[in-house]
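Student: I should like to learn how to read the features of a protein model in order, from the whole fold down to single residues. May we work through one case together?

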Amino acid sequence: MSDSPIHIIILGGGIAGLTTALALTKYAPASRPLPQITLYEIRPEPATIGGAVNLTPNALRLLSHLGALQEIRASNYGKECGAVEVFDLYSGSKLAESSFRGPDGKGLGNPPFTALRITRGESLKGVLAAIAKHPNIKLICGKKTTSIHEDAQGVRLAFEDGASASGDMLIGCDGIHSTTRLTHVDPDRKSVYSGICNAFGFAPRRRDSSGAYEPTHFETSGMNFGRRGILLTSFHDEAKDSIYVGALMQVPEIASRDGWKARGADAEKTRSDILERYAGAANPLITHLIEDAQDLFLWPVFTLSKHGRWATDRVMLIGDSAHAMPPQGESTGIVFEDGVLFASDYVETCSQI
């Protein structure tokens with residue numbers, strides 16, 4: 001067995017890449033040096049676009065195991081979510097709930113966890129804080145990959161700025177428009193726009209003449225079902241002074257594949273579309289939140305075919321680069337599972353070398 005550390009390159013400095021780096025460090029075999037991991041991110045600094053995601057008990061358990069949940073808790077990010085409640089838009093009545101409280105109210109699993117509604121930006125900050133405690137992990141931003149070469153000795157990347165990097169293996173955590181997939185692993189497997197966008201923003205809560213907040217019909221997160229879709233309304237931090245508003249909408253054409261912040265007339269057109277789609281709500285809060293939502297974004301939903309390659313001898317795809325999924329309750333958690341499962345397989349392989 002070699003005494004030299006393995007050198008791993010990860011493309012993508014988002015949640016998928018960062019948690020995969022943590023998992024590879026956590027599960028590294030004790031019999032050999034820690035892997036040296038370098039993440040290359042195309043953005044000039046760590047950043048993410050997106051709304052508020054619900055991290056389920058399994059996702060929190062994995063983040064805790066990787067040391068990231070402790071950083072999120074220490075910074076008081078997110079709002080604990082005991083259940084996602086389901087409401088009828090037109091009557092306002094509660095129809096059901098998806099509970100994470102468990103039989104004794106403490107959560108699910110052992111140890112028990114409930115769920116956490118948190119913005120993507122704050123979840124990224126928490127994971128970055130965990131990364132900072134591992135000197136074997138390095139994040140380099142502002143690097144656009146132009147080519148990938150793989151042979152029996154390793155993997156070599158060329159960047160747009162003329163620089164290059166070499167490693168023993170490459171992990172593509174670079175999203176649905178993955179350079180790793182399109183340049184090397186499976187160039188013919190391209191993303192397809194679904195015709196659906198997630199329109200979302202954050203609305204400051206209204207107050208009445210006495211200064212009290214306008215009441216909400218949900219405890220933390222509410223899914224409001226109407227004839228033309230579902231509107232998510234949710235707290236996303238302990239202050240509860242802002243509510244995340246998200247709506248899936250049909251948008252036949254989208255100019256940017258990576259989503260865009262609606263401005264001026266575009267923002268008002270988006271707001272008008274959401275108001276029209278969810279008109280007739282029994283609870284006036286629904287209309288108020290749509291009217292007050294700030295920093296409106298449109299995020300296009302892309303899909304990938306079910307079949308295709310996920311790996312070569314030295315390159316592996318993880319997360320959306322391999323299996324992009326439409327918005328649903330466990331998408332973010334599945335990314336964590338990808339990294340942990342890959343890291344576990346890596347350890348098993350190393351033990352056989």
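The dialogue below proceeds from the overall fold to one helix pair and then to two threonines.

Tutor: Please note at the outset that this is a predicted model.

Student: How many helices and strands are there in the protein?

Tutor: An inventory of secondary structure is a sensible start. The protein has 19 strands and nine helices.

Student: What radius of gyration does the protein have, and how does one read that value?

Tutor: One sets the value beside the expectation for a compact globule with the given number of residues. For 353 residues that expectation is near 20 Å, and the protein has 22 Å, which agrees. The extent of the C-alpha trace along its principal axes is about 70 × 50 × 35 Å.

Student: What share of the residues is buried?

Tutor: Of the 353 residues, 48% are buried. Sequence separation of contacts is a further descriptor. Among contacts with a separation of 6 or more, 74% join residues 24 or more positions apart.

Student: Let us turn to helix packing. At what angle do α1 and α4 pack, and how far apart are their axes?

Tutor: A helix pair is described by an angle and a distance between axes. Helix α1, residues 15–26, packs against helix α4, residues 120–131, at about 30°, and the axes are 10 Å apart. Angles under 35 degrees count as roughly parallel, so α1 is roughly parallel to α4. The crossing of α1 past α4 is left-handed.

Student: Which residues of α1 and α4 meet?

Tutor: From α1 the residues are I15, L18, T19, A21 and L22; from α4 they are S123, L124, V127, L128, A130 and I131. Sorted by class, this contact comprises nine nonpolar residues, two polar ones and no charged ones.

Student: T19 appears in that list. Is T19 buried or exposed?

Tutor: The relative accessibility decides the class. T19, in helix α1, counts as buried because its relative accessibility is 2%, and the cut-off for buried is under 20%.

Student: Which residues does T19 touch beyond those up to four places away in sequence?

Tutor: T19 touches L63, L66, V127 and F336. In addition, the C-alpha atoms of T19 and G67 are separated by 9.8 Å, although the two residues are 48 residues apart along the chain.

Student: Where does T270 lie, and how is its accessibility read?

Tutor: T270 lies in helix α6, residues 264–277. Its relative accessibility is 5%, so T270 counts as buried. From T270 to T146 the C-alpha distance is 35 Å, with their positions 124 residues apart in sequence.

Key. Residues are numbered from 1 along each chain as its sequence is written. This is a predicted model: local features need pLDDT of at least 70, side-chain atom pairs count only at pLDDT 80 or more; totals for chains, interfaces and linings use all residues. Side-chain values use heavy atoms; hydrogens and water are left out. Axes are lines fitted to C-alpha atoms, for helices over the stretch in contact, and angles run from 0 to 180 degrees between N-to-C directions. Helices (H or I, at least four residues) and strands (E, at least two) are DSSP runs, numbered from the N terminus. Angles under 35 degrees count as roughly parallel, over 145 as roughly antiparallel, 65 to 115 as roughly perpendicular and the rest as oblique. A crossing is left-handed if the near helix is turned anticlockwise from the far one by less than a right angle, and right-handed if clockwise. Contact means heavy atoms within 4.5 Å. Ala, Val, Leu, Ile, Met, Phe, Trp, Tyr, Cys and Pro count as nonpolar, Asp, Glu, Lys and Arg as charged, and the others, Gly among them, as polar. The radius of gyration is taken over C-alpha atoms; the globule rule is 2.2 Å times the number of residues to the power 0.38. Buried means under 20% relative accessible area, exposed over 50%, partly exposed in between (1.4 Å probe, protein chains only).
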